[in-house]
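This report describes the sheets, a helix pair and the nonpolar cores of one protein model. The sequence and the structure are shown first.

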Amino acid sequence: MRVALFATCVNDAVYPSTAIATVQLLERLGVQVDFPAAQTCCGQPQFNTGYRRDTEPLVRRMGRAFEGYDFVVTPSGSCAAMVRDNYPRIAAKGTDPRLTQVADSLVPRMYELTEFLVDVLKVTDVGAYFPHTVTYHPSCHGLRMLGLGDRPAQLLRAVRGLELIELPGAEECCGFGGTFAVKNADVSAAMGVDKVRNARSTGADVLCGADNSCLMHIDGILRRQDAPQRALHLAEILAGTEEEPWS
């Protein structure tokens with residue numbers, strides 16, 4: 001099995017620890033992971049802002065970067081959804097036949113991390129240890145576009161020492177939405193405050209999720225409120241063990 005890590009822009013620039021945790025987790029489970037250095041952005045910011053033509057070169061680059069791998073795994077529901085949901089749309093409206101080839105090849109091989117663990121590796125207990133109370137925020141792309149369902153919760157419930165607390169209003173958007181947060185800053189901030197209010201009401205030590213873009217938005221509000229709760233990517237929880245705790 002040849003597996004490639006698609007780290008994503010946000011993780012590469014702001015949260016490299018999540019990409020590192022993903023690799024450590026997969027290697028602990030016996031998966032050999034490659035990191036194709038040619039990978040860049042999947043094109044989600046451009047596409048969501050209406051610049052479809054400017055997205056096309058990035059689609060072609062993604063196709064070249066991940067050619068030949070059996071699976072491409074990413075710790076980001078939004079980027080996985082961009083490839084699986086929007087690459088076929090871009091190809092259908094484009095004039096370059098290579099776009100269709102990329103979509104047909106890459107879409108069935110692109111997996112969000114929790115999908116890969118549960119659906120491909122058939123594992124929910126990854127041997128993790130995290131002695132804290134945790135509440136889980138399901139980001140919109142994972143919830144609505146990928147249909148991750150209870151995969152993240154299955155993985156979290158199997159973590160030793162972890163107590164999972166249900167998040168009130170879990171399915172409500174946190175307000176980030178990528179460029180939405182820039183174009184509609186006041187609305188985005190208000191939605192984020194609602195999400196943080198619900199998260200803090202659980203009393204959990206940690207709010208976790210599977211998308212660092214949303215966690216960045218939520219964590220910013222937590223910090224502005226000087227809240228003791230912290231935001232952490234699910235991969236970093238799953239990467240820790242009793243012998244080697246994740247710091």
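In what order do the four strands of the open sheet that includes strand 7 stand, and is the pairing parallel or antiparallel? The order is 6-5-7-8, and the pairing is parallel. The model is a predicted one, in which local features need pLDDT of at least 70 and side-chain atom pairs count only at pLDDT 80 or more, while totals for chains, interfaces and linings use all residues. Residues are numbered from 1 along each chain as its sequence is written, and side-chain values use heavy atoms, with hydrogens and water left out.

**The sheet 6-5-7-8**

Helices (H or I, at least four residues) and strands (E, at least two) are DSSP runs, numbered from the N terminus; two strands pair if DSSP finds at least two bridges between them. Strand 6 (163-165) and strand 8 (230-233) each have a single partner strand, so one side of each is left without a neighbour in the sheet. On average, neighbouring strands of this sheet are turned by 35° against each other, direction ignored.

Strand 7 is covered on both faces: Val206 and Cys208 on one side, and Leu207 and Gly209 on the other, are all buried (under 20% relative accessible area, with a 1.4 Å probe and protein chains only).

**The sheet 2-1-3-4**

Four strands form an open sheet in the order 2-1-3-4, also with parallel pairing. Its edge strands, strand 2 (33-34) and strand 4 (110-112), pair on one side only. Helix 5 packs on this sheet and touches strand 3 and strand 4 (contact means heavy atoms within 4.5 Å); the direction of helix 5 makes about 155° with that of strand 4.

The table lists strand pairs from the two sheets.

| Strand pair | Bridges | Facing residues |
|---|---|---|
| Strand 1 and strand 3 | three, parallel | Leu5 and Val73 |
| Strand 5 and strand 7 | three, parallel | Val134 and Val206 |
| Strand 7 and strand 8 | four, parallel | Cys208 and Leu232 |

**Helix 4 and helix 5**

Two packed helices are described by the angle between their axes and the distance between the axes. Helix 4 (residues 52-65) and helix 5 (residues 77-93) pack at about 115°, and their axes are 11 Å apart. Axes are lines fitted to C-alpha atoms, for helices over the stretch in contact, and angles run from 0 to 180 degrees between N-to-C directions. Residues of helix 4 in this contact include Arg53, Leu58 and Met62, which belong to a group that meets Met82, Val83, Tyr87, Ile90 and Lys93 in helix 5. The contact residues divide into seven nonpolar, one polar and four charged. Here Ala, Val, Leu, Ile, Met, Phe, Trp, Tyr, Cys and Pro count as nonpolar, Asp, Glu, Lys and Arg as charged, and the others, Gly among them, as polar.

Helix 5 also holds Ser78, which is buried, with a relative accessible area of 8%. Leaving aside neighbours within four places in sequence, Ser78 is in contact with Gln44, His141, Asp211 and Ser213.

**Nonpolar cores**

A nonpolar core is a set of buried Ala, Val, Leu, Ile, Met, Phe, Trp, Tyr and Cys residues joined through side-chain atoms within 4.5 Å. The largest has 35 residues, and Leu26, Phe116 and Val126 are among those with the most contacts inside it. Elements giving two or more residues to this core include strand 1, helix 2 (16-28), helix 7 (113-120) and strand 7 (206-209). Helix 13 provides the largest share of this core, five residues. Apart from this core lies another, of 25 residues, among them Phe6, Ala81, Val107 and Leu146.

Note on methods
Buried means under 20% relative accessible area, exposed over 50%, partly exposed in between (1.4 Å probe, protein chains only).
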